[in-house]
Structure formats: C-alpha cells, structure tokens
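The following paragraphs offer a guided reading of one protein model. Please keep the sequence and the coordinates in view while following the text.

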Amino acid sequence: EKIKTFEKKVEDSQKESISMHSALKEQLLGLKDLNQQMAKEATNLTKALKGDSKMQGNWGELVLERVLEKSGLEKGREYEVQQSFTSQEGGRIMPDVIINLPDGKKMVIDSKVSLTAYERYVNETEETQKPLHLKNHLIAVKNRVEELSKKNYHQLYDMESPDFVLLFIPIEAAFAVASNEYPQLYGDAFDKNIILVTPTTLLAVLKTIDSMWQNEKQKQNAIEIATQAGALYDSFVNLTEELK
C-alpha cells in the first residue's frame, strides 16, 4: 500500500511537471510571438520615418492629434480633422486640422512635412554624409512651406480664416537643426503667411485659443444674464403698471 501510494505521488508529480512544462512552453511561444510583433511594429515605425510618406504622414497626424487632445479644445466643436473644402477653382482641398476661433474665424494646421532626410541625418554614421542629409531636410521643409503658400487656404470661398497657416513639425529637433542650418527659415515662412510650429509651441498656441474660447463663453454668459435681467425688469415694470 505504501509503495502504491508512493507510485501514485510520483505519477501525479510527473503529470504536474508535464503540465507546468506545457504551460511554460505556451507562455514562451506567446512571448516569442509578442517579441516578433513588437519587432515588426518597431520596423514599421522605422520604415514610416525612413521612406513611406503615407505612414510618416499618419504618424505626424497622430502626434498632432495628441497635442490637440492636451490643449483643452474639443474635437467637433473647437476643431475639425481633415475637413474637406472647395477652392474657388472648384478643386477639393483637405487640410489636416481646422481650428475654429471665436467670431467665426478659422485657423489651418498642416502636418505633411517630410522627415525622411532628417531621419537619415540622425542615423548617419559617416560624418561626411551628414551635411548632405541636413541640406535635404532643409529643402524638404522649404518645399512644404512653398506648397502651402500656393494653396491659399485663407481664400477659400466658404472658409474665413486668418492670413496664415500653421505648419506642424512633429519632432522638436527636426525644426531646431533646420533653423540652426538656416536661421532665416522661420522669417521666410512667416513672409509667406506660414508659421512653423512644433509640439511645444503649438500647444502654447492652442492653450491661448482655449483661453479665447473661455473668454468668449463668459462674454456670451454675461450677455445672456443681462438679457434675462432686462426681461425680468420689464416684467416688474409691467406688473407695477398693472397694480397702479
């Protein structure tokens, strides 16, 4: 009986061991799949920054939307994403973001600047090649400024906007190195009614707009209070006249 009990315990122990090994194997396979997925996603992000313009644009728009979410502005009310407009020539134009300002005005944000050359500049190991990539990065920013200046967003017949467009660069350092290479970059863009912004500077602009909306709402509340007070006063006057 003792031997049989001992054999049963050994057998149960082996079964438990096999079960644990099987579970561990499954976990290891799951971990392997997770690592492969993470590696794939990392590769996808690298590709997005390196050469895939569509994926790179999507990434820039994602960063832009994160900044908008932190600004306090509400999507669908204070700003719209990829709203379509018709130009005076009849063509369709779809800016990345439209910021609604008080008094019916609007502000355009574009995030389609190419960062391919910047990525090459950052990851280049040959120092002799870095100036070339930096030059191409600067050209990419200048070209986007030129493209935006020709779109004339502010002249769209169904859209009243300020005479400038915000060009969003999702990486602070990408703007910094371009400005260091060509200090007149910001001024040249401003002369074309384009303002270059990064996540930090854009957030400051959006916070200011949020403050403007708060003031506008307070003003509307004050007008409503005055209107209600005026109506109440008229009611009292009418009541007094009736009593007399």
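Which residues make a nonpolar surface patch of about 460 Å²? In this predicted model, the patch is made by Leu 232, Phe 236, Leu 239 and Leu 243. Of these residues, Phe 236 has its place in helix H7, which covers residues 199-243.

From this surface the description turns to the sheet. Five strands form an open sheet in the order S1-S4-S5-S6-S7, and their pairing is mixed. Strand S1 (79-81) and strand S7 occupy the edges with a single partner strand each, so one side of each is left without a neighbour in the sheet. From one strand to the next, the twist averages 25 degrees.

The pairings can be followed strand by strand. Strands of a sheet pair through backbone hydrogen bonds, in either a parallel or an antiparallel sense. Strand S4 (residues 97-100) is antiparallel to S5, with four bridges between them, and Val 97 has Ile 109 in S5 as its bridge partner. Five residues lie between the strands in the hairpin of S4 and S5, where Asp 103 adopts a positive phi near 70 degrees. On the pairing of S5 with S6, the two strands run parallel and are joined by three bridges; here Val 108 has Val 165 in S6 as its bridge partner. Strand S6 (residues 165-168) also runs parallel to S7, to which four bridges join it, and Leu 167 stands opposite Leu 196 in S7. Helix H4 packs on the sheet, where it touches strand S5 (106-110), S6 and S7, and its direction makes about 140 degrees with that of S7.

Strand S5 deserves separate attention. Five of its five residues are buried, and the strand is therefore largely enclosed by the rest of the structure. In a regular strand, side chains alternate between the two faces of the sheet. Both faces of S5 are covered: Lys 106, Val 108 and Asp 110 are buried on one side, and Met 107 and Ile 109 are buried on the other.

Helix H5 provides a further view of the packing. Within this helix (residues 172-181), Ala 174, Phe 175, Val 177, Ala 178 and Ser 179 are buried. Against what do the buried residues of H5 pack? Their partners are helix H3 (116-123), helix H4 (130-151), helix H6 (185-191) and strand S7 (194-197). Helix H4 thus appears again: it packs against the buried residues of H5 and also on the sheet, touching S5, S6 and S7.

How values were computed. Residues numbered from 1 in each chain as written. Predicted model: local features only at pLDDT ≥ 70, side-chain atom pairs only at ≥ 80, totals over all residues. Heavy atoms only, no water. Buried < 20%, exposed > 50% of the residue type's maximum accessible area, 1.4 Å probe, protein only. Contact = heavy atoms within 4.5 Å. Patch = residues over 30% accessible without salt bridge, like charges linked within 9 Å, V, L, I, M, F, W, Y side chains within 5 Å. Areas by Shrake-Rupley, 256 points an atom, 1.4 Å probe, with all protein chains shown as cover. Salt bridge = Lys/Arg side-chain N within 4 Å of Asp/Glu carboxyl O. Pairing = 2+ DSSP bridges. Axes fitted to C-alpha atoms, helices over the stretch in contact; angles between N-to-C directions.
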